[in-house]
Structure formats: structure tokens, C-alpha cells
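Ready to practise reading a protein structure? Grab a pencil, work through each exercise, and then check your steps against the solution.

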Amino acid sequence: MAGWGWGWARAVRGLLLDVSGVLYDSGADGGAPIAGSAEAVRRIKASGLKLQLCTNETQATRADFVRKLRAMGFDVSVAEVTAPAPAACRLLQERGLRPHLLVHHDLVPEFAEIDKTNPNCVVLGDAAEHFTYANLNEAFRLLIGMEKPVLISLGKGRYYKETDGLKLDVGAYMKALEYACDIEAEVVGKPAKSFFESALAELGVPAEQAVMIGDDIVSDVGGAQQCGMRALQVRTGKYRFGHWFRGNLENSSTCSAKAAHFLAGMLDIEKMMLLFSLVGAISFTFQIFQSFTGLLCGGAREGQVMTQSQMVPDGCQQHKDT
Amino acid sequence: PRGRRAQRGGGGGGSRSVPGGAALAAPPFPPLGRARRLRPRTGGRNHPRQGKGSSPLSGLPRLCLVVFLVSLSQRPGLGGPFVLTRLRSAPVTVRFVTNTTKESKRDLLERLTGLGFDIAEHEIFTSLTAARNLLEQQQVRPLLLVDDKALPDFTGIGTDNPNAVVVGLAPEHFHYEMMNRAFRLILEGAPLIAIHKARYFKKKDGLCLGPGPFVTGLEYATDTKATVVGKPEKTFFLEALRGTGCAPEEAVMIGDDCRDDVGGAQQAGMRGILVRTGKYRPADEDKINPAPYLTCENFPEAVEHILKQML
């Protein structure tokens with residue numbers, strides 16, 4: 001907890017924001033913004049903090065994606081978006097790979113400059129309805145026929161939330177092809193470290209001065225913390241109660257992330273800044289208390305969180321344990 | 001009497017002679033004892049059974065023969081049906097097992113009777129039967145992602161408002177919408193039952209994805225583990241033996257797939273006989289540990305060995 005006690009007093013100069021599940025929920029009809037998020041983005045910009053959208057969305061080109069967000073009231077531009085497809089293109093060009101694309105139709109233009117003849121690798125994106133048996137079989141046959149099969153997956157999320165419910169994400173299909181061919185895929189996008197690093201480069205802020213905000217405990221929070229950033233999980237989007245027990249989060253600052261997550265209902269930057277200092281002060285106090293009693297948590301991460309949960313306001317809903 | 005079984009015979013099987021000169025790797029199993037000779041009964045399947053685990057009628061050996069169905073039906077010309085008739089006059093219970101997910105028991109029965117085999121429906125055990133037994137045991141209503149031709153094996157099980165998911169080989173169901181339906185059910189707590197997890201299979205026009213990849217994808221997305229009911233899972237063999245009154249140690253499996261048939265059966269505590277027909281490839285018997293109890297040329301030879309050496 002030491003890193004959080006006074007650590008939060010360190011300046012935060014930039015924010016990486018996940019998009020789906022934080023700013024808006026995607027859907028067949030274009031999706032719907034999450035209440036208060038557009039206003040929050042405006043306030044971030046007005047406060048002088050730098051902003052970069054760090055998304056794994058691969059159902060559209062960046063230009064179309066930004067157009068959609070702007071139509072919902074988000075004041076963002078293409079330069080402020082870090083997405084997997086351009087990163088994958090760079091990778092393909094560096095390694096001389098010619099891809100067979102199993103991606104959403106609307107993403108294909110991002111690969112316009114790439115040679116796709118006589119493919120020697122498969123690129124997998126969130127193809128949604130295009131994840132048919134026939135399409136998957138085609139990708140499988142190509143991979144199994146390669147001497148050295150290369151499978152590049154744009155992200156490895158398990159599922160995401162759309163307006164009409166939860167849906168399987170590219171990760172499930174990545175695992176399917178990995179199992180079928182007995183290979184391991186390379187992930188471009190969250191939670192790969194290189195992806196966060198390129199987002200930070202585009203943000204122009206070092207990791208210690210950046211905070212990642214997302215709804216996915218593994219891809220957003222876990223991945224960001226592996227890079228040395230601090231991270232917050234919001235309870236919108238795909239968030240499900242109990243998932244923070246499952247994340248493989250080694251950084252002890254997780255606990256405060258979990259606490260802040262309980263107390264932060266919505267994306268409200270100014271309140272959160274105040275919160276960080278408050279949480280930092282409280283956890284510092286607990287540490288002192290802990291070292292006297294030695295009984296409080298028994299060293300278990302969960303134990304610490306349970307103690308902090310006593311601070312949760314009464315309105316907190318208890319979801320079914322997964 | 002069962003008590004003497006372990007003391008009878010030599011240690012390993014080194015002193016045995018086997019028809020066809022098949023090499024016998026030293027099996028780690030104690031040999032089955034020689035029980036008193038009895039006058040042969042007609043129809044081994046009519047043996048009175050007192051349920052699994054209860055003491056047998058005095059002197060009756062209990063041997064259950066589990067035969068992998070495909071190896072039986074592939075070479076009818078070798079006198080398969082005749083061999084089966086010989087088996088019937090011996091005091092053994094026979095079961096025929098297969099991992100198919102595309103043929104119902106009735107279709108299988110028709111096909112085999114058409115080939116001249118004298119088989120009753122209750123002697124056939126498929127991985128679909130295993131799935132059905134599990135559903136009945138757990139009293140759940142399944143969302144069935146199985147081939148239409150397999151549906152007759154699930155009649156009588158309610159499928160309205162499903163709270164379980166069964167996945168077989170059913171490419172027509174592996175599209176995004178159906179996968180999402182299954183995914184949401186499992187996320188809400190429905191158990192995921194996989195008939196088997198084959199990675200792929202061969203069709204005329206090339207390799208095709210099996211159910212395994214899709215089950216793996218669902219396991220990953222929901223962070224759960226599927227219950228696999230088909231071979232080479234131990235439960236498959238134990239389920240096949242249920243109702244025969246035989247313990248695995250009293251049963252023998254004959255099959256052509258070293259890893260899935262023989263290996264799987266031996267993991268379950270049975271003895272395995274590998275036949276050199278069908279899927280068999282040279283040196284297959286070296287690929288599992290422990291090695292097969294016996295490797296021999298074909299099904300009739302395997303039966304000869306059993307009738308002469310193991311009863």
C-alpha cells in the first residue's frame with residue numbers, strides 16, 4: 001500500500017481512457033453514450049489534463065469510430081485514438097507478413113496498404129457476425145497448412161457489453177484457433193505492454209504520471225498497471241461484481257483501485273482526484289493501524305479489501321457472485 | 001471365488017502364448033483368475049445381475065467386454081457377426097461403445113443389424129448416451145448444440161428455458177448468435193457439457209474444426225471448465241459399465257485407437273486390448289503408458305484370447 005499512501009500526491013498529467021463500457025456502450029444501432037461521460041471528457045480537457053483514448057475496438061476504422069463518438073457529443077479527434085489495427089499494420093510491415101483477415105468488414109480499409117496475396121499469417125479481429133463456422137474453418141485451414149503458423153489477435157477480450165447484452169469478444173475465438181492448431185497467438189492491443197507504451201508515447205506523458213480508466217479488470221486495469229501506470233476500474237460496461245477477485249494483479253495498489261472503484265460511481269475526474277488523495281490518506285492510516293494490531297487482514301489482499309468495503313455507502317448493490 | 005483371483009497364475013504375462021504371435025508387453029495387471037468352468041449360458045446378456053458392487057452368485061466370473069463399435073463394424077467380412085455369436089455363449093456381458101455425435105442409437109442399431117450383428121439397443125453406449133445420463137443425473141434442461149440426427153437420443157428431456165449447455169459436433173449451430181446464447185447461459189451459471197473435445201476431423205474436402213475449439217472458446221470467455229463426457233474421459237468408460245454390474249477391473253476394452261480407446265479405458269481401471277485394424281498405425285502401442293494389456297491382429301483374435309485365457 002505504500003505506493004498509494006503518498007503516491008497519489010504525485011502529479012497526474014494525462015489520462016488513458018478505454019472507450020467501450022466507459023464512454024459508451026456499443027450496439028447494433030450505433031450504441032448509446034453512458035450518462036455524464038461526454039461532460040466528463042469536456043472537463044478533462046478544460047482541466048488541462050492530456051487525453052488519449054486507448055481502445056481495443058476493431059469493428060470500424062479510426063475515422064469512422066471518431067465520427068461516431070463525435071455524433072454522441074464526445075469532443076475527440078483521430079489523433080487522440082490508439083487502436084489495434086494501425087499497430088498491427090506496423091507489425092505486419094516490419095515482419096514482412098501477408099495476412100488473411102478474419103475481421104469485421106468495416107475494419108478492412110485500415111489494412112488497405114498491406115499486401116494480402118498468398119497469406120502467410122492470420123489476423124483475427126472482433127468480427128462479430130462474421131464469426132461463422134465457414135470463415136473460422138477457412139482461417140483454421142490456412143493456419144494448419146502453414147509450416148510456421150502465425151496468428152495475430154487484435155486484443156484478447158473475453159466479452160464486451162452491447163446495448164442488447166453481453167457478447168463474445170475476439171479472445172474466445174483466438175483461444176478456439178489456438179486450441180485447434182495447438183499454437184499461441186500474438187496479441188496486439190490491450191493488455192499487451194507494447195500497446196500501452198505506444199499509447200503513452202502518443203499521449204506524451206510518462207507512465208508514472210498517467211492513469212488508465214477502464215471497465216475490464218484484466219485488459220484495462222491489469223495491463224496498465226503492468227506498465228507502471230495507475231488504473232481505475234469503473235462499474236459500467238462489462239464490469240461484473242466479483243471480477244476483481246480474479247484479476248492477476250500483482251501491484252499492491254490494486255487495493256486502492258478496488259476501493260476507489262467502489263466509491264466512484266461514474267467518470268467524474270475532479271471528484272476522483274479528491275478521492276485519490278482521500279483514499280491515499282485512509283490507506284496510509286490503515287497501514288499504521290495494521291502494523292499495531294497485525295490481525296486486521298492477515299496479509300491477504302482480499303482481507304484488506306473487505307475491511308475497506310466497510311466504507312462503502314449503503315447504496316452499494318451486492319451482485320451475484322460469479 | 002473372487003478372493004483367489006489375485007493369487008492365481010504367474011506374476012506378469014510372460015508365460016502366455018497368444019494367437020497370432022502378438023507381442024505381449026509385460027502388463028502391470030494381475031492376471032484374471034481361472035474360475036470354475038460353467039456350462040455355457042445362452043445369451044451372456046441375460047445374466048442375472050444384482051447391481052454393481054454386490055457379491056456375485058457363487059462361482060460366476062464377472063467379465064464385461066467393452067468393444068469399440070467402429071472396429072467391430074468396419075470389417076464384417078472377417079466374421080464379426082460369427083465371433084459375436086461365440087461371445088454370446090460365454091459368460092460375458094458385452095457393450096458396444098462409440099464416440100459418435102451424429103448418429104442416434106436407433107440409427108446405429110439399424111446399421112449394425114443390417115450388417116448381420118446380433119445386438120440389442122441397451123448394449124449400445126454412445127457419448128450421446130453419456131451426455132443424456134449426465135443431464136438426467138443433474139436434472140437440467142439443456143440447450144442442445146448437436147446434430148439434428150442426434151436429437152432422438154435426447155427425447156424425454158425438457159429443453160424449454162434451458163439451464164445447461166451441451167455441445168457436440170454441430171457446425172450449423174456454431175454461428176455467432178447461437179454461440180452468444182450459449183455464452184450468456186453459461187455466464188449465468190449453466191454447466192457446459194462437451195460430448196468430446198476433438199480439435200478437428202477429416203472430411204472429403206479437407207480438415208474441419210471439431211467441437212473442441214468452440215468449447216475452449218466458451219470456457220475462456222466464461223472462465224469455467226466444461227465437463228467432457230466422451231472418450232477418452234474416465235467417466236465415459238465408467239458410465240458404459242454402469243448397469244452391467246461390473247467393476248472396471250473386471251472389464252476389458254477392445255479398440256483400434258490406442259490413445260482414446262485403450263489408453264482411456266486403462267486410465268479408468270480396465271484392461272485394454274489394441275487391435276491392428278482401422279485407425280491403428282505401427283508402433284501405436286508404444287505411445288501410451290502403461291502399454292496395452294494386449295495387442296493383437298483383429299477383433300476375432302482378441303475374442304479368442306479372452307475366451308481361452310481370461311475366463
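**Exercise 1: A salt bridge within one chain**

In this predicted model, A:D25 pairs with A:K161 in a salt bridge whose closest N and O atoms lie 3.4 Å apart. Work out which strands of chain A hold A:D25 and A:K161.

*Solution.* Start with A:D25: look in strand 2 (residues 24–25) of chain A. Next, find A:K161 in strand 9 (residues 159–162) of chain A. The two residues are 136 residues apart, so to speak a link between distant parts of the chain. Finally, check the distance: a salt bridge needs the nitrogen within 4 Å of the oxygen, and this pair has 3.4 Å. Over all chains, the count comes to 32 salt bridges.

**Exercise 2: Two helices in chain A**

Decide how helix 5 (residues 133–145) and helix 6 (residues 170–181) of chain A are arranged: at what angle do their axes cross?

*Solution.* Step one is the geometry: the axes come within 10 Å and cross at roughly 40 degrees. That makes helix 5 of chain A oblique to helix 6 of chain A. Step two is the handedness, and this crossing is right-handed. Step three is to see who touches whom. Helix 5 of chain A brings A:L136, A:A139, A:F140, A:L143 and A:I144, while helix 6 of chain A brings A:Y173, A:L177, A:A180 and A:C181. Sort them by class and you get 9 nonpolar, no polar and no charged residues.

**Exercise 3: Now try chain B**

Take helix 5 (residues 176–187) and helix 6 (residues 211–222) of chain B, and find the angle at which they pack.

*Solution.* The angle is about 45 degrees, with the axes 10 Å apart. Helix 5 and helix 6 of chain B are therefore oblique to each other. Their crossing is right-handed. On helix 5 of chain B, the contact uses B:M179, B:A182, B:F183, B:I186 and B:L187; on helix 6 of chain B, it uses B:F214, B:L218, B:A221 and B:T222. By class, that's 8 nonpolar, 1 polar and no charged.

**Exercise 4: Where the chains meet**

Describe the contact between chain B and chain A: how many residues does each chain give?

*Solution.* Count first: 28 residues come from chain B and 30 residues from chain A. Then look at the area: the chains bury about 2,700 Å² between them, 62% of it on carbon and sulfur atoms. In chain B, the residues losing the most area to chain A are B:Y176, B:L209 and B:Y220, together 30% of what that side buries. Last come the charges: there are 2 salt bridges between chain B and chain A. A:R141 and B:D205 also meet through their side chains in a salt bridge (3.7 Å, N to O).

How values were computed: Residues are numbered from 1 along each chain as its sequence is written. Chains are lettered from A and ligands numbered from 1 in the order in which they are written. This is a predicted model: local features need pLDDT of at least 70, side-chain atom pairs count only at pLDDT 80 or more; totals for chains, interfaces and linings use all residues. Side-chain values use heavy atoms; hydrogens and water are left out. Axes are lines fitted to C-alpha atoms, for helices over the stretch in contact, and angles run from 0 to 180 degrees between N-to-C directions. Helices (H or I, at least four residues) and strands (E, at least two) are DSSP runs, numbered from the N terminus. Angles under 35 degrees count as roughly parallel, over 145 as roughly antiparallel, 65 to 115 as roughly perpendicular and the rest as oblique. A crossing is left-handed if the near helix is turned anticlockwise from the far one by less than a right angle, and right-handed if clockwise. Contact means heavy atoms within 4.5 Å. Ala, Val, Leu, Ile, Met, Phe, Trp, Tyr, Cys and Pro count as nonpolar, Asp, Glu, Lys and Arg as charged, and the others, Gly among them, as polar. Buried area is the accessible area (1.4 Å probe) that two parts lose on being put together, summed over both.
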